[in-house]
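Student: I would like a close look at a single part of this protein, the disulfide and its surroundings, taken slowly and in connected form. Could you start from the link itself and work outwards from there?

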Amino acid sequence: MKKILIIGLLLIFSKSSMAAGLINEMQSCQALIEFIDNKLDLAPSTYEQDDVNKVRKGLGTYNQYIQRQIVSPGLLQFNGGDKDKANQMQKQVDTYKQTLVKQLEARYPKNRLFTDHAIAVNNCAKQAVPSGGELDELKEALNLMVKLAKISG
């Protein structure tokens, strides 16, 4: 009986630990998306506005997917269903995301996209894959990011 209880507790703990890890990874992805969106605010004139808008739309949709499907429910679960605690933790997550955005800005000070950005978003998508139209928009955004990176590269 003790073995069954211990195995059950280990499974619960490892599942919540894995969920917390995914939340951490996805907050980094959300910071990356925000960073790219900021770069697009100051995009070079060589970038077609339609391409910029499609990248923004695809990444924005993906960001919403991450929040809706992973971060919000994960924080709620992590806090035992306590919405107030989850909201407080979300504020901490948002503050940390801003730190990550500033680090990315320091690393990539030029107002342009790099293929590294598309690769990083693609790596995020490998961990949290949307479906249907959300996936199509993300694929289009990634392809356009590579195109734009080549223009300014």
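Tutor: The link of Cys29 and Cys124 is left-handed, with -100° about the S-S bond. This is a predicted model, and in it the sulfur atoms of Cys29 and Cys124 lie 2.0 Å apart. A search of the whole structure finds one disulfide. Cys29 belongs to helix H1 and Cys124 to helix H4, so the pair ties together parts that are 95 residues apart in sequence. Both ends of the link are shielded, since Cys29 is buried with a relative accessible area of 4%, and Cys124, at 7% relative accessibility, counts as buried as well.

From Cys29 one can step to its surroundings by way of Ile66, which, leaving aside its neighbours within four places in sequence, is in contact with Cys29 and also with Met26, Gln30, Ile33 and Val71. Ile66 is in turn among the residues with the most contacts inside the largest nonpolar core, a group that also includes Met26, Ile36, Leu59, Tyr62, Val121 and Met145. That core has 37 residues, and H1, H2, H3, helix H4 (115-127) and H5 each supply at least two of them. As a general matter, nonpolar side chains tend to be buried together in soluble globular proteins.

Moving on to the charged side chains, a search of the whole structure finds eight salt bridges. One of them joins Arg56 to Asp41, with the closest N and O atoms 2.3 Å apart. Arg56 lies in helix H2 (residues 49-78) and Asp41 in helix H1 (residues 2-41), so this pair ties together parts that are 15 residues apart in sequence. Arg56 is partly exposed, with a relative accessible area of 25%, whereas Asp41, at 53% relative accessibility, counts as exposed. Asp41 and Arg56 are also linked with Asp37 in a network of salt bridges.

A second pair to examine is Arg68 with Glu134, whose closest N and O atoms are 2.6 Å apart in a salt bridge. Here Arg68 lies in helix H2 and Glu134 in helix H5 (residues 132-152), so the pair ties together parts that are 66 residues apart in sequence. Both partners are partly exposed, Arg68 with a relative accessible area of 42% and Glu134 with one of 21%.

The salt bridge of Asp94 and Lys97, at 3.2 Å from N to O, is placed within one helix, for both residues lie in H3 (residues 83-107), three residues apart, about one turn of the helix. Asp94 counts as partly exposed at 31% relative accessibility, while Lys97, at 9%, counts as buried.

Finally, a word on how far the coordinates can be trusted. The mean pLDDT of the protein chain is 87, and 85% of its residues reach 70 or more. Over residues 1-18, however, pLDDT stays under 50, and the model has zero contacts beyond four places in sequence for that stretch. Where pLDDT is low, the predicted coordinates should not be read in detail.

To return to the part you asked about, the disulfide brings together Cys29 of helix H1 and Cys124 of helix H4, and Cys29 is in contact with Ile66, one of the residues with the most contacts inside the largest nonpolar core.

Methods:
Residues numbered from 1 in each chain as written. Predicted model: local features only at pLDDT ≥ 70, side-chain atom pairs only at ≥ 80, totals over all residues. Heavy atoms only, no water. Salt bridge = Lys/Arg side-chain N within 4 Å of Asp/Glu carboxyl O. Helix = DSSP H or I, 4+ residues; strand = E, 2+ residues; numbered from the N terminus. Buried < 20%, exposed > 50% of the residue type's maximum accessible area, 1.4 Å probe, protein only. Core = buried A, V, L, I, M, F, W, Y, C linked by side-chain atoms within 4.5 Å. Contact = heavy atoms within 4.5 Å. pLDDT = per-residue confidence, 0-100. Disulfide = S-S within 2.5 Å.
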